[in-house]
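Open the model in your viewer and keep the sequence panel visible. The tour below goes from one selection to the next and says what is there.

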Amino acid sequence: MARVLFVAHGMGDHPPGWEAKVVAQLDALLSAYPKYKGQSHPFSTRVVIEPITYDAIFDKYVQQWGQQRSALAEFAQSNGMELQGVLGLLGSGQLPADMTSALWETFLDPVLYRGTLLGERVLQCVTDQLRTRWTHHLNVATQTGESVEVSILAHSLGTMVMSEALAVVGENRDGKFPGLASAVQRIELFVTLANVSQLGPRKLQRINSLDTVVRPTSAPAASHGLSNYIAHFINARHQYDPFCFWQRFDPTGWGKGYELIDALDHFHDALPHGFAHYLAHPLVHIPLFRRLLGNGAITKPHEAAALKAFNPLPAAGACATPLKELRAECALLRDLTTSDSASLDDFVRRGLRIMQAARTAHAQCLQLPEGSF
């Protein structure tokens with residue numbers, strides 16, 4: 001059997017080859033378990049990794065604007081976007097240079113995806129990649145007589161993009177690829193890290209991620225009645241990741257095929273939102289490995305040992321106070337993001353506050369890596 005794992009990045013800078021760090025981390029994590037001890041590439045030799053990359057679409061426009069506030073203001077006005085708070089921050093001169101760069105290079109990605117026509121281009125780009133590579137593996141399998149098992153691992157903005165792309169492909173919304181629809185094919189595993197597929201004003205959501213075929217086979221069918229697409233759905237969210245609290249993805253009644261992992265509270269980075277930060281926790285990577293490689297990949301005793309050895313707060317001593325303050329700030333931001341009236345503008349400004357709090361914690365405690373989005 002050919003096992004294929006599509007990996008989708010989140011917001012921020014992700015040039016071609018970005019997936020190499022994810023693959024290296026998965027190999028390193030798996031090699032720490034007894035069955036794979038001493039193997040240099042135990043994961044990537046057993047699973048084919050297919051990256052989903054779309055960041056260049058955002059970069060093209062941001063680079064054209066040259067990080068000019070006036071260009072963003074004109075774009076927002078022509079697209080009917082409310083970004084007065086963000087534009088005010090850019091015009092105030094109060095943001096440090098690194099915060100300004102973060103706004104342009106990171107936080108605008110979800111705004112442009114959800115709030116403008118660029119989202120349609122990103123969605124088309126991602127569905128094309130998914131269909132092309134999936135079809136390739138099916139064709140190879142036909143020639144070799146193998147079967148193909150397809151899984152998805154998505155992070156942050158990638159959970160939004162992939163949820164919508166899978167809905168388009170699984171429901172064959174454009175009528176182009178009926179052979180990949182849920183009536184014919186199945187996704188073995190869909191893992192979402194920091195699922196933000198419900199994030200943003202309702203009027204800007206192209207597809208309601210709670211009402212598509214992108215749900216486990218144990219769940220009732222969506223309102224249109226089409227076959228469910230996912231055999232197993234794992235959703236992991238960190239208790240102090242504010243991006244998971246505003247309009248959180250929180251399905252009910254999806255049965256045993258849906259697994260929620262929400263006991264994550266570790267701080268190995270000052271920013272608890274990062275792709276690598278999520279994967280590092282045994283509660284996240286062990287279910288992933290078992291679903292992809294079989295339950296025997298990691299035994300129950302080895303799981304217990306890994307959880308016991310995993311220190312959620314490895315930075316001690318002088319780091320205790322800034323960590324406590326950072327957690328408190330994340331909790332405050334979490335409480336502020338529970339309002340349905342919050343706008344994309346609010347989302348960006350609050351995201352900047354998260355980064356500022358994390359930078360402060362990192363400066364006070366150099367043992368705590370800065371992390372990333």
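Select the cysteines to begin. A search of the whole structure finds zero disulfides, a disulfide being a pair of cysteine sulfur atoms within 2.5 Å. In general, a disulfide is a covalent bond between the sulfur atoms of two cysteines. Go to cysteine 244, which is buried at 1% relative accessibility. Cysteine 125 is partly exposed, with a relative accessible area of 23%. Buried here means under 20% relative accessible area, exposed means over 50%, and partly exposed lies in between (1.4 Å probe, protein chains only).

The model is predicted, so local features need pLDDT of at least 70 and side-chain atom pairs count only at pLDDT 80 or more, while totals for chains, interfaces and linings use all residues. Residues are numbered from 1 along each chain as its sequence is written, and side-chain values use heavy atoms, with hydrogens and water left out.

Now show the whole chain as a cartoon. It has 12 helices and six strands; these are DSSP runs numbered from the N terminus, with helices being H or I of at least four residues and strands E of at least two. Of the 373 residues in the chain, 55% are buried. Switch to a surface: the accessible area of the chain comes to about 15500 Å², and carbon and sulfur atoms hold 52% of that. Areas come from the Shrake-Rupley method with a 1.4 Å probe, and for residues only the protein chains shown count as cover.

Next, select strand β1, residues 2–8. Five of its seven residues are buried, so β1 is largely enclosed by the rest of the structure. Add strand β3 (residues 148–155), which runs parallel to β1 and is joined to it by seven bridges. Two strands pair if DSSP finds at least two bridges between them. Phenylalanine 6 stands opposite isoleucine 152 in β3. Then add strand β2, residues 48–52, which pairs with β1 in the parallel sense over five bridges. Here valine 7 has proline 51 of β2 as its bridge partner.

Add helix α1, residues 19–31. Together, β1, α1 and β2 make a right-handed β-α-β unit: with the strands pointing away from the viewer, the path from the first strand over the helix to the second runs clockwise. The 13 residues of α1 reach 18 Å from first C-alpha to last, close to the 18 Å expected at 1.5 Å a residue. The expected span is 1.5 Å times one less than the number of residues.

What do the buried residues of α1 pack against? They pack against β1, β2, α8 (275–279) and α9 (282–293), where contact means heavy atoms within 4.5 Å. Among these buried residues are Val22, Leu26 and Leu30. Alanine 20, also found in α1, is partly exposed, with a relative accessible area of 48%. Its C-alpha atom is separated by 9.5 Å from that of isoleucine 49, 29 residues apart along the chain.

Move on to helix α6, residues 118–144. Its 27 residues reach 39 Å from the first C-alpha to the last, close to the 39 Å expected. Buried residues in α6 include Leu123, Trp134 and His137. Just after α6, glycine 145 takes a positive phi of about 80 degrees.

Finish with helix α7, residues 157–170. It has 14 residues and reaches 20 Å from first C-alpha to last, close to the 20 Å expected. α7 is mostly covered, with 14 of its 14 residues buried. Asparagine 172, just after α7, takes a positive phi of about 50 degrees.
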